[in-house]
Amino acid sequence: MHLHLTKFLLTKTLRLVLLVAAVASLSFVLVSRSPIDPVDAYVGAAIMKISPEQREMIRERWGLDQPPLARFARWAAQLARGDLGVSTIFNEPVTSVIAKRFITSLWLMALAWSFSGLLGFVLGLIAGAREDSPADRLIRLYAYTMAATPTFWVGMMLLMVFSVYLGWTPVCCAWPPGLSIEQATLGQRLHHLLLPALTLSLIGVAQITLHTRQKTVEAMHSDYAIFARAQGESTLGIVCRQVLRNVALPAVTLQFASLGELFGGAVLAEQVFSYPGLGRATVEAGIRGDVPLLLGIVLFSTVFVFTGNTVADLLYRLVDPRMGEGQGGTA
Amino acid sequence: MTTRLFFPSQWDRRTRTLAAISICLVFFAVIFIAAWLYGDQGQVTELDLRKLPPSWERPFGTDWLGRDMLARTLKGIRISLGVGLTAATCSACIALLLGLGAALLGRTVDRLVTWLADAALATPHLVLLILISFACGGGARGVIIAVAASHWPALTRIIRAEVLQLRSADYVKLARQLGKGPYWIARRHLLPHVAPQFLVGLLLLFPHAILHSAGLTFLGFGMPPHTPAIGVLLAESMRYLSMGLWWLAVAPGLILIVSVLAFDVLGNNVRALLDPKTLRE
């Protein structure tokens with residue numbers, strides 16, 4: 001088993017390295033083809049105030065005077081050493097920007113991820129256990145509607161009701177304005193997290209609900225469930241004793257495999273609530289032409305999604321008795 | 001499936017399916033015709049009618065320049081649907097070409113396509129959209145290219161699998177043995193299987209494409225303020241939310257949701273109609 005696990009992790013690491021190399025080269029080609037001039041985007045409204053000489057200096061500092069291939073070689077060599085360059089808008093190393101911003105986002109994503117997973121799973125079980133009941137219809141209607149609803153719009157509605165009209169929650173940011181991140185208490189942080197996390201959860205519930213419902217319906221029609229019913233087991237009993245353990249693993253796996261959606265949702269939610277996480281950094285990098293930061297975030301989010309998928313694979317291997325030794329190697 | 005949520009259960013499956021498809025088509029017809037007849041009024045600024053809440057005369061209210069929000073919403077949703085449909089169609093065509101290429105042009109092409117699909121799926125969708133839209137320099141063109149270039153992998157895999165399966169089907173092998181040329185086989189055996197897959201895949205791409213282009217526009221990539229796509233309207237309304245102008249965001253958002261749902265229902269019902277397994281249910 002240990003040997004299999006080591007082999008599995010080695011294969012995965014090799015895949016990750018290849019994937020990062022592929023994504024890095026493709027995205028470098030993309031950004032270097034962009035008609036947006038990084039210097040113009042960086043300078044913005046102050047464009048009239050700087051002289052051509054200053055422009056040349058900035059270009060030289062960022063290495064933009066060299067041909068794309070030379071720039072790529074330099075960037076790739078840096079990347080191999082774990083150095084992602086310096087962010088032009090924050091004026092500090094990309095790795096430290098990403099690290100700081102990601103920790104802020106992690107609070108949001110972790111809260112939304114666990115809440116939507118739990119709620120979606122329970123809703124899916126209820127809907128699937130009583131197929132076509134009013135509860136099932138209601139839950140499905142909710143899930144289908146949420147799947148068609150833009151995340152940012154849900155955020156705006158919540159912001160309007162709870163922050164503007166009722167005044168229960170703050171309008172923006174991750175901690176009270178005027179304080180630094182260290183001064184904010186845990187209560188204040190959670191207070192600011194509430195609405196963005198709720199936004200992500202309300203949307204995130206849809207997929208896991210529909211998936212769990214489907215699996216529950218299948219399990220309820222299985223031979224073992226019908227046999228249990230013939231022996232006089234109640235619906236609740238069947239769900240708890242037979243269905244639950246068959247449905248739980250796919251749900252957890254799906255939740256781990258949906259980190260990409262979570263990341264995308266966080267970008268939109270952070271924009272609505274001006275939450276200073278990695279999502280907002282992505283948008284700022286894109287709009288203000290911070291190429292090193294944008295590339296860094298693309299690579300980081302790729303690793304993030306890959307980690308989620310690998311954990312999902314690993315869970316299947318470790319938990320599901322049917323994924324025996326003989327089937328190792330299929331990833 | 002979904003139709004059971006909306007229609008009386010005494011109708012049979014086929015009637016419900018056809019009813020759902022007709023309602024969706026009528027809805028889109030109404031949107032496009034109304035936007036064509038009425039949408040230009042959304043550019044008229046009447047400063048004495050500023051910030052009016054919804055009323056019978058102006059069901060969606062007016063904005064901070066006195067522009068009619070119903071007209072702006074209709075125009076906006078037409079632009080958003082147009083962008084979404086163009087992007088989804090391009091994406092589906094890319095998927096068709098790559099899927100056919102991967103299945104028919106040998107192992108090297110197959111590996112290349114699989115590798116490209118893996119790379120495109122490895123990054124979160126929205127990050128990829130931002131990256132491509134940045135690479136295209138923004139604008140409506142940037143949004144269309146970004147959405148088109150990031151939505152093909154799923155359909156490509158479906159088409160590739162379908163064609164691979166067909167190539168080894170007995171009746172295709174038999175046709176080859178009987179001396180039928182590749183063109184004849186493609187037309188008589190591949191096309192009838194791949195065309196419905198392509199159509200349904202295209203229809204089911206619409207909701208994603210519309211939502212993603214709205215999100216990208218909302219973030220500020222893409223459409224400039226004088227192209228009032230629905231994402232632009234919603235992004236602008238953000239500034240007025242704290243002043244209590246709730247109607248600027250509620251109605252346009254609801255129209256967007258209904259449009260996306262309608263495309264979803266349309267896609268699922270056309271699939272049910274085209275799939276021989278569910279056709280007669």
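What share of the contacts in chain A between residues at least 6 apart in sequence join residues at least 24 apart? The answer is 71%. Keep in mind as you read on that this is a predicted model.

## The two chains

Let's begin with the overall build. Chain A has 13 helices and zero strands, so its pattern along the sequence is simply one α after another, α-α-α-α-α-α-α-α-α-α-α-α-α. Chain B has twelve helices and, again, zero strands. In chain B, residues 24 or more positions apart account for 69% of the contacts with a separation of 6 or more.

The table sets out some whole-chain values.

| Chain | Residues | Buried residues |
|---|---|---|
| Chain A | 331 residues | 45% |
| Chain B | 281 residues | 52% |

For the extents, the C-alpha trace of chain A spans about 85 × 55 × 35 Å along its principal axes. The C-alpha atoms of chain B fill a box of roughly 80 × 50 × 30 Å, taken in the equivalent way along the principal axes.

Now for the surfaces. Chain A has an accessible surface of about 16,700 Å², and carbon and sulfur atoms hold 66% of that area. Chain B exposes about 13,200 Å², with 65% of it supplied by carbon and sulfur atoms.

## Where the chains meet

How many residues of chain A are in contact with chain B? There are 47 of them, and they touch 44 residues of chain B. Between them the two chains bury about 4,000 Å², and 81% of this buried area lies on carbon and sulfur atoms. On the chain A side, A:F152, A:W153 and A:M156 lose the most area to chain B, together giving 14% of what that side buries.

What about polar links across this interface? The rule finds zero salt bridges there, while two residue pairs are in polar contact, both at pLDDT 80 or more. Several elements of chain A give two or more residues to the side that touches chain B: α1 (2–32), α6 (134–147), α7, α11 (259–272), α12 (278–287) and α13 (291–319). Helix α7(A) provides the largest share of that side, with eight residues.

## A nonpolar patch with members from both chains

Five residues form a nonpolar patch on the surface: A:V161, A:Y165, A:L166, A:W168 and B:W246. Together they have about 530 Å² of accessible area. One of these members, A:L166, sits in the loop between α7 (151–165) and α8 (186–220) of chain A. Is A:L166 buried or partly exposed? With a relative accessibility of 41%, A:L166 is partly exposed, because that value falls between the 20% limit for buried and the 50% limit for exposed.

## A closer look at two helix residues

A:L202 belongs to helix α8 of chain A. Its relative accessibility is 24%, so A:L202 counts as partly exposed. Setting aside residues up to four places away in sequence, A:L202 touches A:Y142, A:M146, A:V154 and A:L158. As for distances, A:L202 and A:P134 are 68 residues apart in sequence, and their C-alpha atoms are 20 Å apart in space.

Over in chain B, B:T156 is part of helix α7 (residues 153–167). B:T156 has a relative accessible area of just 2% and is therefore buried. Which residues does B:T156 contact, leaving aside its neighbours within four places in sequence? They are B:A95, B:L98, B:G99 and B:V113.

## Two residues with positive phi

Most residues other than glycine have a negative phi. With that in mind, two loop residues of chain A deserve a look.

A:D132 is not a glycine, and yet its phi is positive, at about 70 degrees. A:D132 lies in the loop between α5 (94–129) and α6 of chain A. Its relative accessible area is 32%, so A:D132 is partly exposed.

A:S274 also has a positive phi, near 45 degrees, and it too is a residue other than glycine. Where is A:S274 found? It is in the loop between α11 and α12 of chain A. A:S274 counts as partly exposed because its relative accessibility is 28%.

Methods
Residues numbered from 1 in each chain as written. Chains lettered and ligands numbered in written order. Predicted model: local features only at pLDDT ≥ 70, side-chain atom pairs only at ≥ 80, totals over all residues. Heavy atoms only, no water. Patch = residues over 30% accessible without salt bridge, like charges linked within 9 Å, V, L, I, M, F, W, Y side chains within 5 Å. Areas by Shrake-Rupley, 256 points an atom, 1.4 Å probe, with all protein chains shown as cover. Salt bridge = Lys/Arg side-chain N within 4 Å of Asp/Glu carboxyl O. Helix = DSSP H or I, 4+ residues; strand = E, 2+ residues; numbered from the N terminus. Buried < 20%, exposed > 50% of the residue type's maximum accessible area, 1.4 Å probe, protein only. Contact = heavy atoms within 4.5 Å. Buried area = accessible area lost by both parts, 1.4 Å probe. Polar contact = N/O pair within 3.5 Å; in protein donor to acceptor, adjacent residues only side chain to side chain.
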